[in-house]
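Work through the following exercises on empty spaces in a protein model, taking each solution one step at a time.

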Amino acid sequence: MLGIPLGLLTANAVEWGMHKYVLHGLGKKRGTFWAFHFHEHHREVREHGYYDPNYERFPLGMHAQGKEAWALIASAVAVAQLFPVAPFFVGTLWYSSLNYYRVHKKKPYEPSLG
């Protein structure tokens, strides 16, 4: 059961680091894979009162929301091999990924969640 708090701690730390250093760091450079978040998603939420209408399209395309979903899927697959030895940890990471996506596409979009 220790896997649950460790999973929550890991998921939150990874989300913070990805947002700060990858999505808002590398993502500021146009033309990079990660530029979708800073340039497309942030533009949409600013123009639509903290709501991104693009979350209504199919989530697995090569657009901002699709890249976000594919990154979450890749992360889930990467940790799947740990499931036999740390099922609560891995399950918590999977839950956290799903919850992140659910909250991120939620409307109305909260400015603090962007």
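**Exercise 1.** State how many cavities of 30 Å³ or more the model has, and describe what surrounds the largest cavity.

*Solution.* The model is a predicted one, and the count comes to one cavity of 30 Å³ or more. As a next step, take its volume, for the largest cavity holds about 30 Å³ of space. Its lining is made up of Phe36, His37, His41, Tyr55, Ala64, Gln65, Glu68 and His104, and the elements that give two or more residues to this lining are helix H2 (35–47) and helix H3 (64–80). Sorted by class, the lining has three nonpolar, four polar and one charged residues.

**Exercise 2.** Find which elements line the largest pocket, and which of them gives the most residues.

*Solution.* Begin with the volume of the largest pocket, which is about 490 Å³. Of the 21 residues that line the pocket, Val14, Met18, Leu72, Ser75 and Ser97 are the closest to its centre. Two or more lining residues come from each of helix H1 (3–23), H2, H3 and helix H4 (87–104), and H1 gives the most, with seven residues. The final step is the division by class, which yields 13 nonpolar, six polar and two charged residues.

**Exercise 3.** Describe the lining of the second largest pocket, naming the element with the largest share.

*Solution.* The second largest pocket has a volume of about 190 Å³, and among its 11 lining residues Asn12, Glu15, Ser96, Asn99 and Tyr100 lie nearest its centre. H1 and H4 each supply at least two residues of the lining, with the largest share, six residues, coming from H4. By class, the lining has six nonpolar, four polar and one charged residues.

Note on methods. Residues are numbered from 1 along each chain as its sequence is written. This is a predicted model: local features need pLDDT of at least 70, side-chain atom pairs count only at pLDDT 80 or more; totals for chains, interfaces and linings use all residues. Side-chain values use heavy atoms; hydrogens and water are left out. On a 1 Å grid over the protein atoms alone, a cavity is a set of points where a 1.4 Å probe fits but cannot get out, and a pocket is an open set with protein on both sides within 12 Å along at least five of seven lines; lining residues have an atom within 4 Å of a point. Grid points are joined across faces, edges and corners, and a volume is the space filled by probe spheres set on the points. Helices (H or I, at least four residues) and strands (E, at least two) are DSSP runs, numbered from the N terminus. Ala, Val, Leu, Ile, Met, Phe, Trp, Tyr, Cys and Pro count as nonpolar, Asp, Glu, Lys and Arg as charged, and the others, Gly among them, as polar.
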